Amino acid sequence: MFNSFARRLSRRLGNVLKFLSSEEEDDTLFDAEKNLYKRDISRAAKNFELFDEDLISPATLAKAIEKIGYLAYTGGPPANKCAGAFIPKYAELLNRAGLRADLKLAILKSLGNITINHADHQNECFTEGLLLLVGDIIVKSDDALQLWAVYCLYCLVLDNIRSLQVIKKDTVIHESIRNASQSKWTGFSRNYANILLKLTGLEPIKVTTKNLSVPTSESNSLRPSMESPLKAEKKLSVGTVIDKTAENTLHRSKLLIITEMKE
(Lines give C-alpha, C1' and ligand atoms only; values in the text may rest on other atoms or scores of the structure.)
Protein backbone atom coordinates (compact mmCIF):
# COMPACT_ATOMS: atom_id res chain seq x y z
CA MET A 1 0.00 0.00 0.00
CA PHE A 2 2.81 2.37 0.90
CA ASN A 3 4.59 1.64 -2.39
CA SER A 4 1.38 2.35 -4.33
CA PHE A 5 0.91 5.67 -2.55
CA ALA A 6 4.56 6.57 -3.18
CA ARG A 7 4.20 5.89 -6.90
CA ARG A 8 1.09 8.05 -7.14
CA LEU A 9 2.77 10.85 -5.21
CA SER A 10 5.88 10.61 -7.36
CA ARG A 11 3.84 10.72 -10.55
CA ARG A 12 1.86 13.70 -9.26
CA LEU A 13 5.00 15.60 -8.27
CA GLY A 14 6.51 14.73 -11.64
CA ASN A 15 3.57 16.29 -13.46
CA VAL A 16 3.81 19.44 -11.33
CA LEU A 17 7.57 19.73 -11.88
CA LYS A 18 7.03 19.16 -15.60
CA PHE A 19 4.45 21.93 -15.62
CA LEU A 20 6.68 24.35 -13.71
CA SER A 21 9.79 23.58 -15.73
CA SER A 22 7.94 23.98 -19.04
CA GLU A 23 6.51 27.38 -18.14
CA GLU A 24 9.78 29.23 -18.69
CA GLU A 25 10.42 27.52 -22.00
CA ASP A 26 6.83 28.09 -23.14
CA ASP A 27 6.96 31.75 -22.15
CA THR A 28 9.92 32.22 -24.46
CA LEU A 29 8.01 30.53 -27.25
CA PHE A 30 4.89 32.65 -26.66
CA ASP A 31 6.85 35.89 -26.41
CA ALA A 32 8.33 35.22 -29.85
CA GLU A 33 4.83 35.52 -31.35
CA LYS A 34 4.22 39.16 -32.28
CA ASN A 35 0.46 38.79 -32.77
CA LEU A 36 -0.97 39.26 -29.28
CA TYR A 37 -4.21 37.44 -30.11
CA LYS A 38 -2.38 34.36 -31.41
CA ARG A 39 -0.09 34.47 -28.38
CA ASP A 40 -3.02 34.47 -25.97
CA ILE A 41 -4.77 31.71 -27.92
CA SER A 42 -1.66 29.53 -27.62
CA ARG A 43 -1.45 30.25 -23.91
CA ALA A 44 -5.11 29.34 -23.42
CA ALA A 45 -4.68 26.17 -25.47
CA LYS A 46 -1.99 25.00 -23.05
CA ASN A 47 -4.87 24.18 -20.72
CA PHE A 48 -5.89 21.21 -22.88
CA GLU A 49 -2.71 19.37 -21.93
CA LEU A 50 -2.97 20.44 -18.29
CA PHE A 51 -6.56 19.18 -18.14
CA ASP A 52 -5.60 15.80 -19.59
CA GLU A 53 -2.95 15.51 -16.87
CA ASP A 54 -5.47 16.44 -14.13
CA LEU A 55 -3.55 19.60 -13.24
CA ILE A 56 -6.49 21.98 -13.72
CA SER A 57 -10.22 21.78 -13.08
CA PRO A 58 -12.93 21.45 -15.78
CA ALA A 59 -14.09 24.99 -14.88
CA THR A 60 -10.63 26.37 -15.66
CA LEU A 61 -10.57 24.59 -19.00
CA ALA A 62 -14.05 25.91 -19.82
CA LYS A 63 -12.86 29.49 -19.30
CA ALA A 64 -9.84 28.86 -21.53
CA ILE A 65 -12.00 27.41 -24.31
CA GLU A 66 -14.37 30.38 -24.26
CA LYS A 67 -11.37 32.72 -24.34
CA ILE A 68 -10.05 30.99 -27.47
CA GLY A 69 -13.35 31.67 -29.21
CA TYR A 70 -13.49 35.34 -28.21
CA LEU A 71 -9.88 35.91 -29.32
CA ALA A 72 -10.57 34.15 -32.62
CA TYR A 73 -13.50 36.46 -33.34
CA THR A 74 -11.88 39.72 -32.26
CA GLY A 75 -8.37 39.00 -33.56
CA GLY A 76 -9.17 38.83 -37.26
CA PRO A 77 -8.09 36.19 -39.81
CA PRO A 78 -4.67 35.33 -38.25
CA ALA A 79 -6.18 34.67 -34.83
CA ASN A 80 -9.14 32.82 -36.33
CA LYS A 81 -6.83 30.54 -38.29
CA CYS A 82 -4.78 29.88 -35.15
CA ALA A 83 -7.88 28.97 -33.14
CA GLY A 84 -9.10 26.65 -35.88
CA ALA A 85 -6.19 24.33 -35.14
CA PHE A 86 -8.03 23.20 -32.00
CA ILE A 87 -11.24 22.09 -33.72
CA PRO A 88 -10.14 18.41 -33.56
CA LYS A 89 -9.58 18.82 -29.81
CA TYR A 90 -13.13 20.15 -29.42
CA ALA A 91 -14.44 17.10 -31.28
CA GLU A 92 -12.38 14.81 -29.04
CA LEU A 93 -13.77 16.43 -25.90
CA LEU A 94 -17.38 16.24 -27.08
CA ASN A 95 -16.87 12.56 -27.82
CA ARG A 96 -15.92 11.87 -24.20
CA ALA A 97 -18.60 10.17 -22.16
CA GLY A 98 -19.89 12.13 -19.18
CA LEU A 99 -18.43 15.48 -20.26
CA ARG A 100 -19.63 18.24 -17.93
CA ALA A 101 -22.32 20.63 -19.16
CA ASP A 102 -20.15 23.71 -18.56
CA LEU A 103 -17.44 22.30 -20.84
CA LYS A 104 -20.00 21.48 -23.53
CA LEU A 105 -21.37 25.01 -23.29
CA ALA A 106 -17.89 26.54 -23.57
CA ILE A 107 -17.11 24.45 -26.66
CA LEU A 108 -20.39 25.43 -28.34
CA LYS A 109 -19.76 29.13 -27.75
CA SER A 110 -16.16 28.89 -28.91
CA LEU A 111 -17.02 26.89 -32.04
CA GLY A 112 -19.64 29.46 -32.99
CA ASN A 113 -17.08 32.26 -32.84
CA ILE A 114 -14.46 30.26 -34.75
CA THR A 115 -16.61 28.88 -37.58
CA ILE A 116 -19.17 31.51 -38.52
CA ASN A 117 -18.47 32.67 -42.10
CA HIS A 118 -15.27 30.60 -42.27
CA ALA A 119 -15.65 27.89 -44.91
CA ASP A 120 -12.40 26.06 -44.10
CA HIS A 121 -13.27 25.73 -40.41
CA GLN A 122 -16.83 24.68 -41.27
CA ASN A 123 -15.50 21.97 -43.57
CA GLU A 124 -13.09 20.76 -40.91
CA CYS A 125 -15.96 20.53 -38.44
CA PHE A 126 -17.83 18.48 -41.03
CA THR A 127 -14.85 16.13 -41.35
CA GLU A 128 -14.47 15.83 -37.57
CA GLY A 129 -18.12 14.85 -37.19
CA LEU A 130 -19.06 17.95 -35.21
CA LEU A 131 -22.36 18.37 -37.06
CA LEU A 132 -23.58 15.12 -35.52
CA LEU A 133 -22.02 15.84 -32.12
CA VAL A 134 -23.66 19.26 -31.87
CA GLY A 135 -26.91 17.82 -33.22
CA ASP A 136 -26.77 15.16 -30.52
CA ILE A 137 -26.56 17.88 -27.86
CA ILE A 138 -29.66 19.55 -29.34
CA VAL A 139 -31.57 16.28 -29.18
CA LYS A 140 -30.50 15.29 -25.66
CA SER A 141 -30.41 18.68 -23.93
CA ASP A 142 -32.76 21.50 -23.09
CA ASP A 143 -32.68 25.04 -21.74
CA ALA A 144 -29.51 27.09 -22.33
CA LEU A 145 -27.36 24.19 -23.53
CA GLN A 146 -29.84 23.33 -26.27
CA LEU A 147 -30.17 26.95 -27.40
CA TRP A 148 -26.40 27.39 -27.64
CA ALA A 149 -26.16 24.09 -29.54
CA VAL A 150 -28.74 25.37 -32.04
CA TYR A 151 -26.80 28.61 -32.44
CA CYS A 152 -23.55 26.68 -32.88
CA LEU A 153 -25.16 24.48 -35.55
CA TYR A 154 -26.37 27.62 -37.31
CA CYS A 155 -22.74 28.86 -37.42
CA LEU A 156 -21.54 25.50 -38.74
CA VAL A 157 -23.99 25.38 -41.66
CA LEU A 158 -24.33 29.06 -42.61
CA ASP A 159 -23.65 29.38 -46.37
CA ASN A 160 -22.37 25.79 -46.45
CA ILE A 161 -24.63 23.83 -48.78
CA ARG A 162 -23.10 20.44 -47.99
CA SER A 163 -23.65 20.88 -44.26
CA LEU A 164 -27.14 22.26 -44.80
CA GLN A 165 -28.06 19.15 -46.78
CA VAL A 166 -26.82 16.89 -43.97
CA ILE A 167 -29.05 18.62 -41.43
CA LYS A 168 -31.95 18.67 -43.88
CA LYS A 169 -31.78 14.86 -44.19
CA ASP A 170 -31.29 14.20 -40.46
CA THR A 171 -34.87 13.53 -39.41
CA VAL A 172 -33.86 12.80 -35.80
CA ILE A 173 -32.85 16.39 -35.17
CA HIS A 174 -35.84 18.03 -36.89
CA GLU A 175 -38.27 17.67 -34.00
CA SER A 176 -35.68 18.92 -31.50
CA ILE A 177 -35.03 22.04 -33.56
CA ARG A 178 -38.78 22.67 -33.79
CA ASN A 179 -39.06 22.25 -30.02
CA ALA A 180 -36.20 24.69 -29.54
CA SER A 181 -37.99 27.20 -31.77
CA GLN A 182 -40.74 27.34 -29.13
CA SER A 183 -38.28 28.27 -26.36
CA LYS A 184 -37.68 31.78 -25.12
CA TRP A 185 -34.53 33.03 -26.81
CA THR A 186 -33.87 35.64 -24.15
CA GLY A 187 -30.33 36.97 -24.44
CA PHE A 188 -30.03 36.09 -28.14
CA SER A 189 -30.57 38.58 -30.94
CA ARG A 190 -33.06 36.23 -32.66
CA ASN A 191 -34.56 32.76 -32.63
CA TYR A 192 -31.89 30.72 -34.40
CA ALA A 193 -34.02 27.57 -34.37
CA ASN A 194 -36.53 29.32 -36.65
CA ILE A 195 -33.71 30.42 -38.92
CA LEU A 196 -32.36 26.86 -39.14
CA LEU A 197 -35.81 25.53 -40.00
CA LYS A 198 -36.03 27.98 -42.88
CA LEU A 199 -32.44 27.54 -44.10
CA THR A 200 -32.81 23.77 -44.23
CA GLY A 201 -36.19 23.96 -45.94
CA LEU A 202 -38.04 22.32 -43.04
CA GLU A 203 -40.37 25.30 -43.02
CA PRO A 204 -41.29 27.32 -46.11
CA ILE A 205 -39.75 30.71 -46.72
CA LYS A 206 -42.19 33.45 -47.61
CA VAL A 207 -40.99 34.95 -50.84
CA THR A 208 -41.53 38.68 -50.44
CA THR A 209 -39.73 41.78 -51.60
CA LYS A 210 -38.48 42.32 -48.08
CA ASN A 211 -36.95 38.83 -47.87
CA LEU A 212 -35.32 39.04 -51.29
CA SER A 213 -33.62 42.37 -50.64
CA VAL A 214 -30.26 42.41 -48.89
CA PRO A 215 -30.79 43.91 -45.42
CA THR A 216 -28.99 47.12 -44.62
CA SER A 217 -27.05 47.75 -41.42
CA GLU A 218 -30.05 49.67 -40.10
CA SER A 219 -32.44 46.76 -40.73
CA ASN A 220 -33.12 44.17 -38.07
CA SER A 221 -34.45 41.58 -40.53
CA LEU A 222 -32.25 38.52 -41.05
CA ARG A 223 -29.08 40.27 -39.86
CA PRO A 224 -26.97 37.63 -38.08
CA SER A 225 -24.60 38.71 -35.35
CA MET A 226 -22.17 37.08 -32.99
CA GLU A 227 -23.82 35.89 -29.78
CA SER A 228 -20.95 36.92 -27.54
CA PRO A 229 -20.54 38.98 -24.37
CA LEU A 230 -18.06 41.09 -26.33
CA LYS A 231 -20.72 42.06 -28.86
CA ALA A 232 -22.04 45.08 -27.00
CA GLU A 233 -18.57 46.39 -26.14
CA LYS A 234 -16.66 45.77 -29.37
CA LYS A 235 -16.61 48.39 -32.11
CA LEU A 236 -13.75 46.93 -34.16
CA SER A 237 -13.80 47.17 -37.92
CA VAL A 238 -13.31 43.42 -38.24
CA GLY A 239 -16.62 42.90 -36.49
CA THR A 240 -18.33 45.12 -39.04
CA VAL A 241 -16.80 43.18 -41.92
CA ILE A 242 -17.91 39.86 -40.45
CA ASP A 243 -21.44 41.15 -39.84
CA LYS A 244 -21.82 42.38 -43.40
CA THR A 245 -20.41 39.13 -44.76
CA ALA A 246 -22.89 37.23 -42.66
CA GLU A 247 -25.74 39.28 -44.11
CA ASN A 248 -24.72 38.42 -47.64
CA THR A 249 -24.04 34.75 -46.97
CA LEU A 250 -27.38 34.24 -45.22
CA HIS A 251 -29.08 36.00 -48.11
CA ARG A 252 -27.35 33.76 -50.68
CA SER A 253 -28.21 30.61 -48.75
CA LYS A 254 -31.88 31.58 -48.66
CA LEU A 255 -31.94 32.31 -52.38
CA LEU A 256 -30.39 28.92 -53.12
CA ILE A 257 -32.98 27.16 -50.98
CA ILE A 258 -35.81 29.14 -52.61
CA THR A 259 -34.52 28.17 -56.06
CA GLU A 260 -34.30 24.51 -55.02
CA MET A 261 -37.86 24.58 -53.64
CA LYS A 262 -39.20 26.05 -56.89
CA GLU A 263 -37.46 23.40 -58.99
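Me: Where does Val 139 lie?
Reply: Val 139 lies in helix H8, which covers residues 130–140. Keep in mind that this is a predicted model.

Me: Why is Val 139 called neither buried nor exposed?
Reply: Its relative accessible area is 35%. Buried means under 20%, and exposed means over 50%. The value of 35% falls in between, so Val 139 is partly exposed.

Me: What makes Val 139 and Ser 176 a pair worth looking at?
Reply: Along the chain they are 37 residues apart. In space, their C-alpha atoms are separated by 5.4 Å.

Me: Which residues is Val 139 in contact with, leaving aside its neighbours within four places in sequence?
Reply: Val 172, Ile 173 and Ser 176. Contact here means heavy atoms within 4.5 Å.

Me: Why does Ala 106 count as buried?
Reply: Its relative accessibility is 0%. The cut-off for buried is under 20%. Ala 106 is therefore buried. This residue sits in helix H6, residues 101–115.

Me: Which residues does Ala 106 contact beyond its neighbours within four places in sequence?
Reply: Ala 62, Ile 65 and Glu 66. Lys 63 also sets sequence against space: 43 residues separate it from Ala 106 along the chain, yet the two C-alpha atoms are 7.2 Å apart.

Me: How many helices and how many strands does the protein chain have?
Reply: It has 14 helices and zero strands. Read from the N terminus, every element in the run is α.

Me: What makes H9 a helix of close to the expected reach?
Reply: H9 spans residues 143–157, which is 15 residues. From first C-alpha to last, H9 reaches 22 Å. At 1.5 Å a residue, 21 Å is expected. The two values are close.

Me: How do you know whether H9 is mostly covered or mostly open?
Reply: Count the buried residues: 13 of the 15 in H9. That makes the helix mostly covered.

Me: What share of the protein chain is buried?
Reply: Buried residues make up 45% of its 263 residues. The chain exposes about 13900 Å², and carbon and sulfur atoms supply 55% of that area.

Me: Which residues have the most contacts inside the largest nonpolar core?
Reply: Phe 48, Ile 65, Ile 68, Leu 153, Tyr 154 and Ile 177, in a core of 65 residues. H9 gives the most to this core, with 12 residues. In soluble globular proteins, nonpolar side chains tend to be buried together.

Me: What does Ile 68 touch, not counting residues up to four places away in sequence?
Reply: Its partners include Ile 41, Phe 48, Tyr 90 and Ile 114. Ala 44, Ala 45, Ala 83 and Ser 110 are also among them.

Me: Why is the aromatic pair of Trp 148 and Phe 188 called what it is?
Reply: The structure holds 11 aromatic pairs. In this one, the ring centres are 4.9 Å apart and the planes meet at 55 degrees. Centres within 6.5 Å make a pair. Under 30 degrees would be stacked, and over 60 edge-to-face. The angle of 55 degrees is neither, so the pair is tilted.

Me: What does the pair of Trp 148 and Phe 188 tie together?
Reply: Trp 148 lies in helix H9. Phe 188 is in the loop between helix H11 (171–181) and helix H12 (192–199). The pair therefore ties together parts that are 40 residues apart in sequence.

Me: Are Trp 148 and Phe 188 buried or exposed?
Reply: Trp 148 has a relative accessible area of 14%. Phe 188 stands at 15%. Both values are under 20%, so both residues are buried.

Me: Which residues form one aromatic cluster with Trp 148?
Reply: Tyr 151, Tyr 154, Trp 185, Phe 188 and Tyr 192.

Me: What makes Asn 117 stand out?
Reply: Asn 117 has a positive phi of about 60 degrees although it is not a glycine. Most residues other than glycine have a negative phi. Asn 117 is placed in the loop between H6 and helix H7 (119–127). Its relative accessible area is 23%, so it is partly exposed.

Me: Why is Asp 143 called buried or exposed?
Reply: Its relative accessibility is 59%. Exposed means over 50%, so Asp 143 is exposed. Asp 143 is found in helix H9, and its phi is positive, about 60 degrees. Just after H9, Asp 159 also takes a positive phi of about 60 degrees.

Terms used
Residues numbered from 1 in each chain as written. Predicted model: local features only at pLDDT ≥ 70, side-chain atom pairs only at ≥ 80, totals over all residues. Heavy atoms only, no water. Helix = DSSP H or I, 4+ residues; strand = E, 2+ residues; numbered from the N terminus. Expected span 1.5 Å × (residues − 1). Buried < 20%, exposed > 50% of the residue type's maximum accessible area, 1.4 Å probe, protein only. Areas by Shrake-Rupley, 256 points an atom, 1.4 Å probe, with all protein chains shown as cover. Core = buried A, V, L, I, M, F, W, Y, C linked by side-chain atoms within 4.5 Å. Phe/Tyr/Trp six-rings, centres within 6.5 Å; stacked < 30°, edge-to-face > 60°.
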